[in-house]
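Hi,

Here is the structure I promised to pass on. Have a look at it first, and my notes follow underneath.

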Amino acid sequence: LRRCIAIEDATVAPEAARLAGDLSYQAQDYREAITFYNIVLTRFTSSPQFDACVVGLFWSYYSADQYTELARSFDQFKDKLSTDSRLVAWYLAGSAAQNQGNHARALGILRGALESARGTDYEEKILYKIANSEFEVGDYDRMARTVQTFLTRHADSTWTPDVEFLLAAAERRQGNPAKAAALLTAIVNREGGEHAYADRALFERAKLYELTGQREPAVRDYERLVARQFGDVPGHMVRLIDLYFQLEQYEKVNAIADQLLGGDAAYEAELPTITPAIEQEVLYRKALSRIHMKLPASALQTLDELLKKHPQNKYLAEAHYYRGLLRMSQEMPDEAVADFRAAAAVTDARALPEPLKVNALRLSAVHLRRQDDAAQAAATLAALEKLVGLGRLQVDEQLWMARHLLVTGDAKAALRYVQPIITQRDAHAGRVRAEALRTQYPGCGDDF
């Protein structure tokens with residue numbers, strides 16, 4: 001064929017170039033196919049092979065995901081094609097625009113081809129693609145009409161499952177979870193053979209149930225997905241861990257965590273290696289569930305593993321916080337304070353929620369005061385005050401800070417801590433008021 005092309009004979013070369021392009025396309029050598037088709041399109045434009053080479057060029061660009069080149073060629077050749085070749089060209093150009101996310105252009109092209117597609121094999125494909133782009137641009141009323149036309153003319157089409165799934169997606173996007181769930185359920189429970197989108201519908205329904213707070217149905221769907229080994233199985237198992245945690249079924253949380261972490265010898269299903277992100281989440285949830293199960297030693301061991309394997313994990317602050325609580329309960333106060341400080345020091349998106357940070361600082365300050373580490377205790381209480389304000393410090397914290405400042409010779413600063421106590425005469429016991437007054441006036445006796 002190359003030798004025939006080289007002759008440059010208009011009666012031979014164009015057909016040889018088209019055949020060479022077709023052979024290259026069949027071999028999935030799209031670059032070579034494009035080269036051969038362009039021989040006709042640039043050097044033999046009046047050849048009877050012209051239309052076939054335009055269509056072949058479009059198919060090659062489309063199959064090679066070269067959608068920009070296809071769009072450029074469509075604009076160049078669309079007015080030069082015969083009626084018989086236009087339908088395929090319009091279909092490919094519209095599909096390419098859709099694949100690029102240019103749905104306005106896709107709709108303009110595909111709607112222009114719809115009338116000529118009537119009664120052909122392309123009609124059902126074009127109707128589906130039009131409905132899909134109408135979905136993407138949010139034109140749901142028009143999409144519904146397009147779908148109705150499709151189902152009226154092509155109810156038995158191989159594209160029908162795609163259309164049914166698209167309808168469910170449209171209801172969900174419009175904020176109609178009940179309608180979306182009903183459509184997804186019809187797909188999942190289809191009689192007379194499994195629906196092509198059965199597993200995807202099950203997954204979407206699980207997410208929908210979870211979104212609307214229907215935890216038990218969501219659990220059942222995710223369990224079916226795991227049993228069917230569909231899609232991201234470790235991801236589904238993580239969702240089960242989270243749902244079971246919300247349902248306070250901590251034994252099941254632990255069981256699934258052990259399966260994911262490889263600690264369940266009886267679990268026979270093969271799982272892909274879990275990602276570091278999934279391992280972090282599983283270890284964290286496992287630790288919290290064991291806290292709820294009153295297994296502090298095991299929970300502490302799990303948090304140790306999390307922080308050792310992933311020292312910068314996404315749960316960094318909370319992992320340190322809960323390990324601090326566990327260490328405190330295990331009579332390891334120094335180590336606990338180190339964890340509380342590490343938790344409070346996290347300031348990025350992983351930072352502790354304010355109530356937990358307040359508790360971490362407060363517990364640290366209590367221990368440091370008991371250890372007579374005045375400087376660190378004062379620094380910790382100062383950090384607590386910065387977080388919540390002077391008015392939310394506890395009375396004993398205010399008095400301790402005042403006494404500490406008097407010892408260090410800063411009576412003016414001490415007064416700032418006792419003044420709120422003095423002015424709220426009815427809010428505190430007499431001994432506390434007396435302590436406050438004695439702090440304000442160190443020369444006073446115990447008569448107050």
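Let's start at the surface: Leu 1, Leu 19 and Leu 23 make a nonpolar patch of about 250 Å². Patches here are made of residues with over 30% relative accessible area and no salt bridge, with nonpolar side chains (Val, Leu, Ile, Met, Phe, Trp, Tyr) joined within 5 Å and like charges within 9 Å. Areas are from Shrake-Rupley with a 1.4 Å probe, and for residues only the protein chains shown count as cover. Leu 19 sits in helix α2 (residues 13-26), and it counts as partly exposed because its relative accessibility is 33%. For the terms: buried is under 20% relative accessible area, exposed is over 50%, and partly exposed is in between. Helices are DSSP runs of H or I, at least four residues, numbered from the N terminus.

Before you go further, note that this is a predicted model: local features need pLDDT of at least 70, side-chain atom pairs count only at pLDDT 80 or more, and totals for chains, interfaces and linings use all residues. Residues are numbered from 1 along each chain as its sequence is written, and side-chain values use heavy atoms, leaving out hydrogens and water.

Now the salt bridges (a side-chain nitrogen of Lys or Arg within 4 Å of a carboxyl oxygen of Asp or Glu). How many does the structure hold? There are 29 salt bridges. One of them is back in α2, where Asp 22 pairs with Arg 18, closest N and O atoms 2.9 Å apart. These two lie four residues apart, about one turn of the helix. Asp 22 is partly exposed because its relative accessibility is 23%, whereas Arg 18, at 18%, counts as buried.

Another bridge joins Arg 173 to Glu 136, with the closest N and O atoms 3.9 Å apart. That pair links distant parts of the chain, 37 residues apart: Arg 173 is in helix α10 (residues 160-173) and Glu 136 in helix α8 (residues 122-136).

Asp 258 and Arg 290 also meet in a salt bridge (3.9 Å, N to O). Here helix α15 (residues 250-261) supplies Asp 258 and helix α16 (residues 276-292) supplies Arg 290, 32 residues apart. Asp 258 is buried at 18% relative accessibility, and Arg 290 is buried at 16%. Glu 210, Arg 239, Asp 242 and Arg 285 are joined into one network by salt bridges that share partners.

Last, helix α20 (residues 354-370): its buried residues include Leu 356, Val 358 and Arg 362. Just after α20, Asp 372 takes a positive phi of about 60 degrees.

Cheers

Note on methods
Buried means under 20% relative accessible area, exposed over 50%, partly exposed in between (1.4 Å probe, protein chains only).
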